[in-house]
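These exercises work through one protein model step by step. Look at the sequence and structure first, then try each task before reading its solution.

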Amino acid sequence: MSHEEQECLQCGQCCERWGWGQKGKPEDLVPWIAGNRHDILQHVSIRFADGRRASGTGIMLDDLPHISRISYWQDAAGRKMRRCPFFKRSEDGKALCGIHDVKPWVCRDFTPWNWTNHEFHGNCPACREKSP
Ligand code: SF4
Ligand code: SF4
């Protein structure tokens, strides 16, 4: 779900379909490390420039320049997840992000109604409403 909530209808299709298998940015990790958000960091897969791999729980701010790849998401055993662990639905079926205030950039930047020729357009009801 985008930060532009006035556009997003919270159907949740984007989180269910694309909320996993995404790349992260080192900047995503800064508030999670500063806030001791191990609940989030345990689901982050890290690869360093020297080839080492780690869970986000072992990362410090000084490590950020040495990261070559950040991947979302993994389970507690380090296995790749094929869903977002933070995706929820309210009782009325609306999609909710469990880490909305600190969600990664790839999620904050997801505003498909502002894009053209994107394959996801047909699945986003907010995009369909914007179509001429
Ligand atoms: S598919 Fe569109 S309307 Fe549905 S949650 Fe995602 S951005 Fe919002
Ligand atoms: S972190 Fe939040 S916005 Fe991103 S995929 Fe998961 S539930 Fe959706």
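**Exercise 1.** How many residues lie between S2 and S3 in their hairpin, and which residue in the turn has a positive phi?

Solution. The model is predicted.
- Step 1. The hairpin of S2 and S3 has four residues between the two strands.
- Step 2. In that turn, Gly51 has a positive phi of about 100°.
- Step 3. Strand S2 covers residues 44-48 and is joined to S3 by three bridges, the two strands running antiparallel.
- Step 4. One facing pair links the hairpin strands: Ile46 is opposite Ala54 of S3.

**Exercise 2.** Work out the order of the strands in the sheet, and find its edges.

Solution.
- Step 1. Strands of a sheet pair through backbone hydrogen bonds, and the pairing is either parallel or antiparallel.
- Step 2. Here four strands make an open sheet with antiparallel pairing, and the order is S1-S4-S2-S3.
- Step 3. Strand S1 (22-23) and strand S3 (53-55) are the edge strands, since each pairs on one side only.
- Step 4. S2 is joined by five bridges to strand S4 (residues 67-72), again antiparallel.
- Step 5. Between these two strands, Val44 faces Tyr72 of S4.

**Exercise 3.** Identify the largest nonpolar core and the elements that supply it.

Solution.
- Step 1. The largest nonpolar core has 11 residues, among them Leu29, Val44, Ile46, Ile59, Ile70 and Tyr72.
- Step 2. Helix H2 (26-34), S2 and S4 each give at least two residues to this core.
- Step 3. Take Leu29 as an example: beyond its neighbours within four places in sequence, Leu29 is in contact with Gly56, Ile59 and Leu64.
- Step 4. Cys15 and Cys84 also belong to the core, and both are listed among the closest residues to ligand 2.

**Exercise 4.** Describe the surroundings of ligand 1 and ligand 2.

Solution.
- Step 1. Ligand 1 is surrounded by 14 residues, and the closest are Cys8, Cys11, Cys14, Cys124 and Ala126.
- Step 2. Helix H1 (13-18) and helix H5 (125-130) each contribute at least two residues to the shell of ligand 1.
- Step 3. By class, the shell of ligand 1 holds 10 nonpolar, four polar and no charged residues.
- Step 4. Ligand 2 is surrounded by 10 residues, with Cys15, Gly19, Cys84, Cys97 and Cys107 the closest.
- Step 5. The shell of ligand 2 splits into eight nonpolar, one polar and one charged residue.

**Exercise 5.** Which residues make up domain 1 and domain 2?

Solution.
- Step 1. The domain assignment gives domain 1 as 1-18 + 86-132 and domain 2 as 20-82.
- Step 2. The C-alpha centres of domain 1 and domain 2 are 23 Å apart.
- Step 3. Contacts between them involve six residues of domain 1 and nine residues of domain 2.
- Step 4. On the side of domain 1 that touches domain 2, the residues are six nonpolar, no polar and no charged.

**Exercise 6.** Why does Asn123 count as partly exposed?

Solution.
- Step 1. Asn123 is in the loop between helix H4 (105-108) and H5.
- Step 2. Partly exposed residues fall between the limits of 12 or fewer neighbours for exposed and 20 or more for buried.
- Step 3. Asn123 has 16 C-beta neighbours inside 10 Å, so Asn123 counts as partly exposed.
- Step 4. The C-alpha atoms of Asn123 and Cys11 are separated by 9.9 Å, although the two residues are 112 residues apart along the chain.

Definitions and conventions: Residues are numbered from 1 along each chain as its sequence is written. Chains are lettered from A and ligands numbered from 1 in the order in which they are written. This is a predicted model: local features need pLDDT of at least 70, side-chain atom pairs count only at pLDDT 80 or more; totals for chains, interfaces and linings use all residues. A residue is near a molecule or strand if its C-beta atom, placed from the backbone, lies within 6 Å of it. Ala, Val, Leu, Ile, Met, Phe, Trp, Tyr, Cys and Pro count as nonpolar, Asp, Glu, Lys and Arg as charged, and the others, Gly among them, as polar. Two strands pair if DSSP finds at least two bridges between them. Domain bounds come from an automatic or database domain assignment. Two residues are in contact if their C-beta atoms, placed from the backbone, lie within 7 Å. A nonpolar core is a set of buried Ala, Val, Leu, Ile, Met, Phe, Trp, Tyr and Cys residues joined through C-beta atoms within 7 Å.
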